[in-house]
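Student: Could you take one part of this model and look at it closely, then follow the connections that lead out from that part?

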Amino acid sequence: MMKYDVIIIGAGIAGYSAGIRCLQAGLKTTLISQGQSALHFSSGSIDVLGKLPCGSAVEFPFQAIQQLAQQAPEHPYSKVGAAISQQGLLWFQHTLQQHGMPLSHQADHSNHQRITSMGTLKATWLSQPYVYQHKKQCDFKRLVLVSIEGYRDFQPPMLQDNLRYLPEFSTIPSTIVSISIPGFAELRHNPHELRSIDIARLLKKPSAWQAFCDQLTQVATSDDLVILPAIMGNGDGLHLLDKLHATTGLSLHEVPTMPPSLMGIRIEESLSRAFLSLGGVHLKGDKVTKGEFNHHRLNAIYTKNLTDMPLYADQFVMATGSYFSQGLAANHQGISEPIFQLDVESAQERAQWRNHDFFAKRSHPFMTFGVTTTASLNPSRQGEAIDNLYCCGSMLAGYDPVFEGCGGGVAIATAYHATSQIIAQWQAQASTQEALV
């Protein structure tokens, strides 16, 4: 019989965070993941809260959670609370620091703005070392936008044009420079094939690397902010960026490009290292197909690869994501949670799923649909709460991670809240058994 203290379903930020925290507490933990997580499509920064549901901009995200609770009582942050949410984000930052991924925030715990590949500013809270953290004033004299010759997934002219419309950047001079990397043309089989990961492999060659550095130093100075696409990865992206900064002396700002996002993959690689180094078991490429329930508890799960061999655990954490990750399913009959048929919150009429305008000043209703839970994040089936199952991250109802700019923050905070309860129960049970002995 395969028996664990905790089984985690899903290997995105929420799933990995839950698994790592359980392992840190000494629980025997396994993680089941079907395929690539949404981290391969992410910015690599952690957004905590950029807007309230009413659309008001947020400067201090943890302070704003109290106001958020008044507007959206069923929001995951309203259930977790500001104090635990902040504890969870700081734990996440410390854990990734220990495993080779430093993330930083403003000293006063406020949001900072990062420049996106579209030339917009997005509020975020934790960013990687070579992400410029913009506040109210620019501390550089010029923007230098790097265009990689033959690379189509980054469009500096669009970024430049959009930045000019922003008041804080409208008076900052900018220029686009074209960099040619030796060997790039030989890799191309058609105009649309190459991705950032191909350039990352190419830059490992000394000749390509030296040519890249030489061309940058010819077109930029230490007074500039050099904006370049995230093209350094394969496990050593930060090391190469450190080397690039030391070699050129330039101030760098990375922007994520079309998937695969090397900045998101760095986060995933760090989380995976942490999980495995702590002794976690990761069942990759497998899919949970059903569960075995007994009244208000989940006793065991079955997976596609293990067929009729059940996996048992005392506690379960579900972090299967939203529509993109198939954690939620949408069809003409409505919204559902496809594995355990958990209760969900959604509008019955399809006409009520969206706003009239795609670019609306408020959230599209379908983005807030998801699994309903108790304040402890326990879901229910046919109205009956499951005491030893917790749901985390974007599968939850009551919030819009895109409109509110809170996807990563909610994933971490809910995983932290769920595992805090699991760990407390496990420790209480261990203390009772020890007293009996």
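**Helix 4 and its surroundings**

Tutor: Just after helix 4, G100 adopts a positive phi of about 85°, and since this is a predicted model, that angle, like every other value here, is computed. The helix itself covers residues 82–98, and because each residue should add 1.5 Å, its 17 residues are expected to span 24 Å, in agreement with the 25 Å that separates its end C-alpha atoms. The buried residues of helix 4 are S85, G88, L89, W91, F92, Q93, T95 and L96. To read such a list, it helps to recall that an α-helix has 3.6 residues a turn, so residues three or four places apart point the same way.

Beyond the helix, the loop between helix 4 and strand 3 (112–115) contains N111. N111 counts as buried because its relative accessibility is 5%, under the 20% cut-off. A polar atom of the N111 side chain lies 2.9 Å from the backbone oxygen of L49. With neighbours within four places in sequence set aside, the contacts of N111 include L49, G50, V58, E59 and P61, and also A123, T124 and W125.

From the buried side of helix 4, F92 leads into the largest nonpolar core, which has 114 residues and in which F92, I148, F212, I227 and F340 touch the most other members. The largest share of this core, 8 residues, is contributed by helix 11 (residues 407–436). If residues up to four places away in sequence are not counted, F212 touches I148, I179, I181, L203, L228, I231, M232 and L244.

I148 belongs in turn to strand 5 (residues 142–148), where 6 of the 7 residues are buried. Strand 5 runs parallel to strand 6 (residues 174–179), to which 6 bridges join it, and V144 has T175 in strand 6 as its bridge partner. Strand 5 also pairs in the parallel sense with strand 7 (residues 224–229), over 4 bridges, and here R142 stands opposite D224.

One remaining point concerns covalent links, for which a search of the whole structure finds 0 disulfides. In the case of C22, the closest cysteine sulfur, in C392, is 9.5 Å away, which is too far for a bond because a disulfide requires the two sulfur atoms to be within 2.5 Å. C22 is itself buried, with a relative accessible area of 0%, and C213 is buried at 2%.

Notes
Residues are numbered from 1 along each chain as its sequence is written. This is a predicted model: local features need pLDDT of at least 70, side-chain atom pairs count only at pLDDT 80 or more; totals for chains, interfaces and linings use all residues. Side-chain values use heavy atoms; hydrogens and water are left out. Helices (H or I, at least four residues) and strands (E, at least two) are DSSP runs, numbered from the N terminus. The expected span of a helix is 1.5 Å times one less than its number of residues. Buried means under 20% relative accessible area, exposed over 50%, partly exposed in between (1.4 Å probe, protein chains only). A polar contact is a pair of N or O atoms within 3.5 Å; within protein, one must be able to donate a hydrogen and the other to accept it, and residues adjacent in sequence count only if both atoms are side-chain atoms. Contact means heavy atoms within 4.5 Å. A nonpolar core is a set of buried Ala, Val, Leu, Ile, Met, Phe, Trp, Tyr and Cys residues joined through side-chain atoms within 4.5 Å. Two strands pair if DSSP finds at least two bridges between them.
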